[in-house]
Amino acid sequence: MILALSVIMLLFEAGVSSSSSGLENQIFQYIDLHQNEFIQTLKEWVAVESDSVQPELRQEVKRMVELTADRLRAMGATVELVKLDSHKLPDGQSLPLPPLILAELGKDPQKPTVCFYGHVDVQPAKKEDGWKTDPYTLTEIDGNLYGRGATDNKGPVLAWINAVESFRALKLDMPVNHKFVIEGMEEAGSLGLEEIIKKENQRFFSDVDYIVISDNLWLSNRKPALTYGTRGNICFSVEVQCGERDLHSGSFGGIIHEPMTDLIALFDSLVDTSGRILIPGFYDDVASLTEEEKKLYEATEFNLEEYKNNSGVKKFRYDTKEEILSHLWHYPSLSIHGIEGAFYGPGIKTVIPAKVIGKFSIRQVPHMDISIGEHQVIKYLEEVFSKRNSPNKLTVSVPVSAMPWVADINDPLYRAARRAIKTVFGQDPEMIRDGATIPIAQTFQNITRKSVMMLPIGAADDAEHSQKEKISRHNYIQGTKLFATLFLEIAKLNGELQEASNTTTAN
């Protein structure tokens, strides 16, 4: 076993052949020459308001999924639109979910099969939210392509498709077999996806060797990255109700227990002034920070001022990159997101709301158990609430949660990606974990037991979910080259693994 691994590593580190370099140059030239066409297609995709969060736009999500399916069919892929169950809304209404795309291109048993996951739905966006451009009109300014979904996730999905199309346009032999899983409900919790993955594990995923996800960002604006871990997330809904209708604060203020006051007190009990979560036992399963991790943080090229500028805030809680990275990657965090039922318009409305619903989430890290975390939080909030002696009704629920994920950076797939990044960008990637949550990574890993990798092409300043979401022309086009190069590196890796296996057998 040790001999086989040694042979594999020696073969893999031997370098790129001159014929491969020539092939890469041919592909790169094609991508450069057709970059405006690729951007035009992205513009067409961004124009579809495929917001999966707002029910009234569900038809637009369905239209975007069908547009994607048509694009895959046009390049020769076999496409299956898998029907999902209905989505039950809070008001009791039932709404059909958009179909899930399962597609494949190539079935050569001598080639490895790579499955790409992406999503074509987006977060809500309106011009009046603070956008300087129309969020659904892709607009290029100073080399940046602004628009909702440009980086999350329509740009990366198209970059992968563009890479596949480049081989076909040049009439080159496709180095790998391709499979695609593309959904339209990621921003709303990937409803129905996990059930399909379980159902298709013995069929669609049976011959998949590697799964690649490109749905996050680099750590910096300029240096490419490979992501090997993400935090999980538990989302909480905290409802406090005192009556059936809103009341006048002049007639009832001071004589009732107000739901908003109870809710604010509950929120105030969650974290201290340093941001540490105050729920008893919550850090029990957080692993100690190892010396190896500390060295990793020290070696990571991280521009603190650049990261701060990207956020638009003046000061972080911590002043060193090691503290910042450890609190993004290693420790859990709690964030309060909003209050439903409260008056938020301009001016003053002297009303006491009858019911308010607070929303917050906790980003978990590897080794933390979601069910234990849920229990700890709910128990704690109920105890804090009981001490207030309020007659109001408290209801705490968990509408959605997702496990943290971590991968082996020495997996051959990561080695192939590192070589591809070095070829395209001329430098080694930063090996990073992501403070955000990409639930599908853990889902794929748990169910399929395949090698899963996150390969971002967006820069740290791409402002996903924000009013300035963009992807640079450079990253979009270089990302397309990166994906094309990855296909070649995976094919080469497959040959090296077979050769190493034969060598070991002979010995």
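The following questions and answers concern the cores, sheets and helix packing of a predicted model. Local features need pLDDT of at least 70 and side-chain atom pairs count only at pLDDT 80 or more, while totals for chains, interfaces and linings use all residues. Residues are numbered from 1 along each chain as its sequence is written, and side-chain values use heavy atoms, with hydrogens and water left out.

User: Which helix gives the most to the largest nonpolar core?
Analyst: A nonpolar core is a set of buried Ala, Val, Leu, Ile, Met, Phe, Trp, Tyr and Cys residues joined through side-chain atoms within 4.5 Å, buried being under 20% relative accessible area (1.4 Å probe, protein chains only). The largest has 104 residues, and Leu72, Trp160, Phe180, Val181, Phe444, Tyr476 and Leu486 touch the most other members. Ten of the core residues come from one helix, a DSSP run of H or I with at least four residues. That helix is α15 (residues 473-506).

User: In the sheet β13-β15-β11-β16, which strands stand at the edges?
Analyst: Strands are DSSP runs of E with at least two residues, and two of them pair if DSSP finds at least two bridges between them. The four strands form an open sheet with antiparallel pairing. An edge strand has a single partner, so one side of it is left without a neighbour in the sheet. The edge strands are β13 (333-340) and β16 (393-402).

User: Which residue of β16 is the bridge partner of Glu239?
Analyst: Strand β11 (residues 232-241) runs antiparallel to β16 and is joined to it by eight bridges. In β16, the partner of Glu239 is Thr395.

User: Which strand pairs with both edge strands of the sheet β6-β7-β20?
Analyst: This open sheet has three strands with antiparallel pairing. Its edge strands, β6 (139-141) and β20 (470-472), each pair on one side only. Three bridges join β20 to the strand of residues 144-146, and in the sheet order the strand between the edges is β7.

User: Are helices α6 and α14 roughly parallel or roughly antiparallel?
Analyst: Axes are lines fitted to C-alpha atoms, for helices over the stretch in contact (heavy atoms within 4.5 Å), and angles run from 0 to 180 degrees between N-to-C directions. The axes of α6 (residues 193-200) and α14 (residues 439-448) come within 10 Å and cross at roughly 25°. The contact involves residues including Ile197 of α6 and Phe444 of α14. Angles under 35 degrees count as roughly parallel and over 145 as roughly antiparallel, and α6 and α14 are therefore roughly parallel.

Note on methods. Buried < 20%, exposed > 50% of the residue type's maximum accessible area, 1.4 Å probe, protein only. Parallel < 35°, antiparallel > 145°, perpendicular 65-115°, else oblique.
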